[in-house]
Structure formats: C-alpha cells, structure tokens
Amino acid sequence: MKIRIHYTTQLKMALGFDSEEVDVPPASTLLDLLQKLKEMHPGKLKQYILNAQGEFQPSVLLCVGDKHVGRDLSVPLQDGEEVTLLSVISGG
Amino acid sequence: MIDDKRPDPESSELTDEERATYEWQMWVPDFGEVGQQRLKNASVLVTRCGGLGSVVAYELAAAGIGKLVLAHAGQVKHSDLNRQLLMTHAGLGKSRVESARRRLLELNPRLQIETVAENVTEQNVQSLVSQADVVVDCAPLFEERLLLNQEVVAQRKPMVDCAMYELEAHLTTIIPGRSPCLKCLYPQPPQVWRREFPVFGAVSGMVGCLGAMEAIKIIARFGDILAGKLVTCNLRDMTFRTMTIQRDIHCSLCADIHP
C-alpha cells in the first residue's frame with residue numbers, strides 16, 4: 001500500500017525534499033514505516049529520527065493524517081494515508 | 001469558547017483616550033469593552049524579544065495590554081535586524097530590552113514594561129513567570145523552552161508557544177491540566193539543532209502575530225484557543241494545517257494534574 005510522507009523543517013532541509021510516496025506491505029504499522037524510511041535514507045534521516053541506541057527520537061512528532069499519535073508506533077496504517085514527521089523548532 | 005468562569009479581578013475602567021484608541025477592536029463581537037478592560041488589567045511575559053517576541057510584544061502593546069515583562073539578554077547585533085522589529089540600526093551595540101522598551105513606549109506610552117536583561121534560567125524562571133498572567137515562549141534554546149514549560153505547569157499558567165524555521169512556523173497553547181505540555185510533546189531537546197538557522201522576518205512576524213492573538217483570546221476569554229492543537233504553517237506554499245496533539249499520560253511533569 002502507498003503512504004505519502006511529509007517532512008518538515010530540519011528533516012526537509014536534511015533530505016532536500018518535503019514529501020515522498022512510500023510502498024509498504026498491507027497491515028504495516030507506523031514502526032514498520034519508520035524502519036523502511038531508515039533503510040531508504042540511512043545517513044540523512046538517522047541523526048534526526050534515531051537516538052544513540054537506535055531508538056526512535058521523541059523530539060520528532062509523528063502525525064497520521066492531522067492527528068499526532070504520541071509515542072505509539074503500533075498505529076496501523078491504511079492505504080493512501082498521509083504521515084507527517086515534524087521536527088520540533090524554536091525561536092530566535 | 002474559553003471556559004473561564006473566574007470573576008474578573010478588581011479592574012480599572014478605561015479612560016476616554018483608551019476608548020478612542022481601541023475603538024475598532026472593541027467592535028469585535030465577544031470582545032467589547034469588557035475584553036479591553038481584561039487586557040488593560042493583564043500582564044504577559046515574553047521571553048525573548050527577538051524575531052518572534054518583538055512582534056508578540058508590539059502587537060500586545062498595540063492592543064492595549066496593561067503590562068509586559070520582557071526577558072532578553074545581550075546587545076543588538078546586525079544579524080538581529082532582519083527580523084527583530086523592536087531593534088533598530090541606531091540601537092546597534094545597545095541593550096536589546098532597552099531598545100524594545102523605547103519602541104514599545106513610542107507606540108503605547110500607557111504600557112507598563114518590566115525589562116530583565118537576562119534570558120530564562122533556572123535562577124530567574126520562577127520570578128519571571130510569577131509576574132505574568134500569560135507567558136509567550138519565543139526562546140531559541142530548547143532548554144529555556146522546557147524550563148518555562150516546567151514553571152508554567154507548576155504555577156498553572158497558560159503559555160503560548162511560538163516557533164519558526166526557514167519558511168515554516170509552529171504554534172500551540174499550553175493550558176496546564178487541560179492540554180499537553182511541551183514535555184508531553186518532546187521530553188528532551190532534539191539531539192540535532194543549530195542555534196542559528198535560516199528564517200525570514202516575515203515568517204517570524206507572521207507567527208508572532210498569531211501568538212499575540214492567542215494571548216489576547218486567552219486574556220479576554222473569547223474565541224477558540226489552540227489547547228491540544230498545533231498549527232503548522234508553510235509559507236513556501238501557504239499551507240496551514242491544524243493537528244490535534246496528544247498528551248503523554250505518563251508525563252513526569254503534568255500527568256498528575258489532569259482530571
């Protein structure tokens with residue numbers, strides 16, 4: 001099934017684009033999707049989305065559609081769904 | 001609508017000059033003279049008064065807020081001037097908060113301003129937050145933002161959280177006990193973050209205006225605020241989205257204060 005990924009702010013700058021479509025097997029979860037993204041962009045995304053232990057970095061907010069899902073990576077995805085990775089930002 | 005049944009504190013009436021100055025906004029439905037009096041009797045802490053905070057402070061001063069507490073260390077630099085609209089070329093090398101005070105009083109000489117030439121620290125955060133009814137977080141360092149968040153949760157005060165990067169901006173409002181706090185969203189600073197980053201003044205100004213409007217609605221008790229919601233703006237393609245955000249039911253800071 002196809003999932004549309006949106007990247008914001010620092011993630012977008014690191015990757016050089018703000019959106020892509022990714023194919024994942026049926027019944028995939030958010031965790032499956034993140035593992036796939038890690039494989040697709042090993043150098044560029046890693047420092048932003050994974051910590052030193054290889055765990056998902058909690059300062060990236062995950063939204064499915066327009067809903068933030070917190071730290072629940074077991075959320076099942078549906079074909080055609082949109083997932084946004086929001087890296088947190090500040091002022092200045 | 002904002003569900004706030006608290007009685008108004010003893011308030012001073014509007015003067016004729018204030019009625020004349022704020023006439024156009026007092027025509028706004030649900031705001032009126034009562035809303036204007038609430039602004040007059042309220043105080044807002046703005047930390048720091050850079051690209052975001054300058055515009056937040058300026059719009060609040062224009063709207064007739066009674067008191068601003070401005071916390072920002074350092075002197076005006078050339079690289080401030082693309083976005084920090086309370087700073088001027090003539091103020092280069094001079095105190096940022098004093099430059100801010102001067103500009104704000106030119107606009108609104110009735111405004112009370114407390115300037116603190118320091119950024120938020122563990123030593124001053126309790127005192128700064130205690131002086132305000134509402135906090136607007138415009139700080140560049142995540143350590144400062146999380147410190148402010150901790151203190152507003154402790155003092156049960158609302159905080160409007162403004163952020164920007166390149167042509168993007170984020171805005172949310174924290175109402176302790178009712179919405180997620182910042183620590184629910186990110187328990188620690190991001191591991192990769194550059195203190196200096198690309199941004200236009202038009203982006204910081206836009207989100208500063210939105211942040212000021214949130215503060216006005218909270219104080220005057222009208223409209224819908226962003227508690228439990230995060231607005232993201234991308235001015236590259238003019239996309240605005242409103243996300244619902246979840247609190248962390250295990251948050252070490254605010255889990256115990258939610259009903």
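Select T47(B) first: this residue stands opposite D137(B), which lies in strand β4(B). The model on display is predicted, and the tour moves outward from this pair to the whole of chain B.

**The strand of T47(B) and its partner**

Next, select residues 43–47 of chain B, which form strand β1. This strand is joined to β4(B) by 4 bridges, and the two run parallel.

**Strand β4**

Now select residues 134–137 of chain B, the extent of strand β4. Are the residues on its two faces buried or exposed? Display the side chains: V134(B) and V136(B) lie on one side, V135(B) and D137(B) lie on the other, and all of them are buried. Both faces of the strand are therefore covered, where buried means under 20% relative accessible area.

**On to strand β5**

Keep D137(B) selected and add D161(B), a residue of β5(B) that stands opposite D137(B). Then extend the selection to residues 159–165 of chain B, the whole of strand β5. Here 3 bridges make the connection with β4(B), and these two strands also run parallel.

**The whole chain**

Finally, select all of chain B and colour it by secondary structure; 9 helices and 8 strands appear. The radius of gyration of chain B is 18 Å, close to the 18 Å that the globule rule gives for 259 residues, so the chain is as compact as a globular protein of that length. Along its principal axes, the C-alpha trace spans about 50 × 50 × 40 Å. Of the 259 residues, 57% count as buried. A surface view shows an accessible area of about 11,500 Å², with 52% belonging to carbon and sulfur atoms.

Conventions
Residues are numbered from 1 along each chain as its sequence is written. Chains are lettered from A and ligands numbered from 1 in the order in which they are written. This is a predicted model: local features need pLDDT of at least 70, side-chain atom pairs count only at pLDDT 80 or more; totals for chains, interfaces and linings use all residues. Side-chain values use heavy atoms; hydrogens and water are left out. The radius of gyration is taken over C-alpha atoms; the globule rule is 2.2 Å times the number of residues to the power 0.38. Buried means under 20% relative accessible area, exposed over 50%, partly exposed in between (1.4 Å probe, protein chains only). Accessible areas come from the Shrake-Rupley method with a 1.4 Å probe; for residues, only the protein chains shown count as cover. Two strands pair if DSSP finds at least two bridges between them.
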